[in-house]
Amino acid sequence: MSSAPEFSRPHRAHEIGGTVKRLVLEADGAECAALGARFDLISLAQLTATLEIKREVRGIRVVGQVHGQGEQACVASAEPVPFQVTERIDLLLAEPLTGGGEIELAADELDVEPFTGDVIDLGEIAAQAFALGLDPYPRLPGSVAGIISEDEATALRSPFAVLKKG
């Protein structure tokens, strides 16, 4: 059973024309709290998106950026790590191809998603883009007792590490 998105901003696809429509979306406190829980954040203080939508020959283009700030838990100590995420959005929503065959995508077509129906949830598009910008392994600067950085681990595996100890 799927639940409603935490940050839902639905728009009817048939109402989107060839003229660019500019939108500013902002999550309220309850939406930030729900998104924070969804993405396992300590807090999400702010989430905004500035988007432009327009119908093209191949589908509906959504371009813009999403910005969020808050705190994540440090993977080493669980202490709060502040973050600011700004992630670009450049997405083409296109009707899926019939026939089920494979299609080859050019580099500029990598952000094409199949779209059916008449409702586009721009809030969910922004939330997913935001999630992509989050650090999957947030860490506080400095050292945590018993934990070494990746660079330190690489240096210790070096055959010359023994020479540095002497």
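This passage describes the fold, an aromatic cluster, a pocket and several single residues of a predicted model.

The protein contains 4 helices and 7 strands. Along the sequence these elements are arranged in the pattern β-β-α-β-β-β-β-β-α-α-α. Of the 166 residues in the protein, 33% are buried. Among contacts with a separation of 6 or more, 63% are between residues 24 or more positions apart. The accessible surface of the protein is about 11,000 Å², and carbon and sulfur atoms account for 53% of that surface.

Aromatic rings were examined next. A search of the whole structure gives 2 aromatic pairs. In one pair, formed by Phe83 and Phe130, the ring centres are 6.0 Å apart and the planes meet at 45°. That angle lies neither under 30 degrees, as stacked rings require, nor over 60, as edge-to-face rings require, so the pair counts as tilted. The two residues come from distant parts of the chain, 47 residues apart: Phe83 belongs to strand S5 (residues 80-94) and Phe130 to helix H2 (residues 122-133). Both partners fall below the 20% limit for burial. Phe83 has a relative accessible area of 9% and is therefore buried. Phe130 is buried as well, with a relative accessible area of 0%. Ring pairs also bring in Phe39, so that Phe39, Phe83 and Phe130 form a cluster.

Strand S5 and helix H2 appear again in the description of the second largest pocket. Rolling a probe the size of a water molecule over the atoms shows where empty space is left. The second largest pocket holds about 240 Å³ of space. Its lining consists of Glu87, Arg88, Ile89, Asp90, Leu91, Asp111, Glu113, Ile125, Gln128, Ala129 and Leu132. S5 and H2 are the elements that each supply two or more residues to this lining. The largest contribution is from S5, with 5 residues. Sorted by class, the lining has 5 nonpolar residues, 5 charged residues and 1 polar residue.

The next position considered is Pro138, in the loop between H2 and helix H3 (150-157). The relative accessibility of Pro138 is 5%, so this loop residue counts as buried. When residues up to four places away in sequence are not counted, Pro138 touches Gln72, Ala73, Cys74, Val75 and Val81. For one of these, Ala73, the C-alpha atom is 6.8 Å from that of Pro138, although the two residues are 65 positions apart in sequence.

Two loop residues were examined for their backbone angles. Most residues other than glycine have a negative phi. Asp40, however, has a positive phi, near 55°. Asp40 lies in the loop between helix H1 (29-38) and strand S3 (43-55). With a relative accessible area of 67%, over the 50% limit, Asp40 is classed as exposed. A positive phi is also found at Ala78, where the value is near 70°. Ala78 is placed in the loop between strand S4 (60-73) and S5.

Two strand residues complete the description. His11 is part of strand S1 (residues 10-12). The relative accessibility of His11 is 19%, which is under 20%, and His11 therefore counts as buried. Apart from neighbours within four places in sequence, His11 is in contact with Lys21, Leu23, Asp118, Val119, Ile120 and Leu122. Of these, Leu122 belongs to helix H2, which spans residues 122-133.

Glu52 is located in strand S3. Its relative accessible area is 32%, between the limits of 20% and 50%, so Glu52 is partly exposed. Outside the neighbours within four places in sequence, Glu52 has contacts with Val20, Lys21, Arg22, Arg61, Val62 and Val63. The C-alpha atoms of Glu52 and Val20 are separated by 6.1 Å, and the two residues are 32 residues apart along the chain. Lys21 is in contact with Glu52 and is also among the contacts of His11.

Technical notes: Residues are numbered from 1 along each chain as its sequence is written. This is a predicted model: local features need pLDDT of at least 70, side-chain atom pairs count only at pLDDT 80 or more; totals for chains, interfaces and linings use all residues. Side-chain values use heavy atoms; hydrogens and water are left out. Rings of Phe, Tyr and Trp (its six-membered ring) pair if their centres lie within 6.5 Å; planes under 30 degrees apart count as stacked, over 60 as edge-to-face and the rest as tilted. Buried means under 20% relative accessible area, exposed over 50%, partly exposed in between (1.4 Å probe, protein chains only). Contact means heavy atoms within 4.5 Å. Accessible areas come from the Shrake-Rupley method with a 1.4 Å probe; for residues, only the protein chains shown count as cover. On a 1 Å grid over the protein atoms alone, a cavity is a set of points where a 1.4 Å probe fits but cannot get out, and a pocket is an open set with protein on both sides within 12 Å along at least five of seven lines; lining residues have an atom within 4 Å of a point. Grid points are joined across faces, edges and corners, and a volume is the space filled by probe spheres set on the points. Ala, Val, Leu, Ile, Met, Phe, Trp, Tyr, Cys and Pro count as nonpolar, Asp, Glu, Lys and Arg as charged, and the others, Gly among them, as polar.
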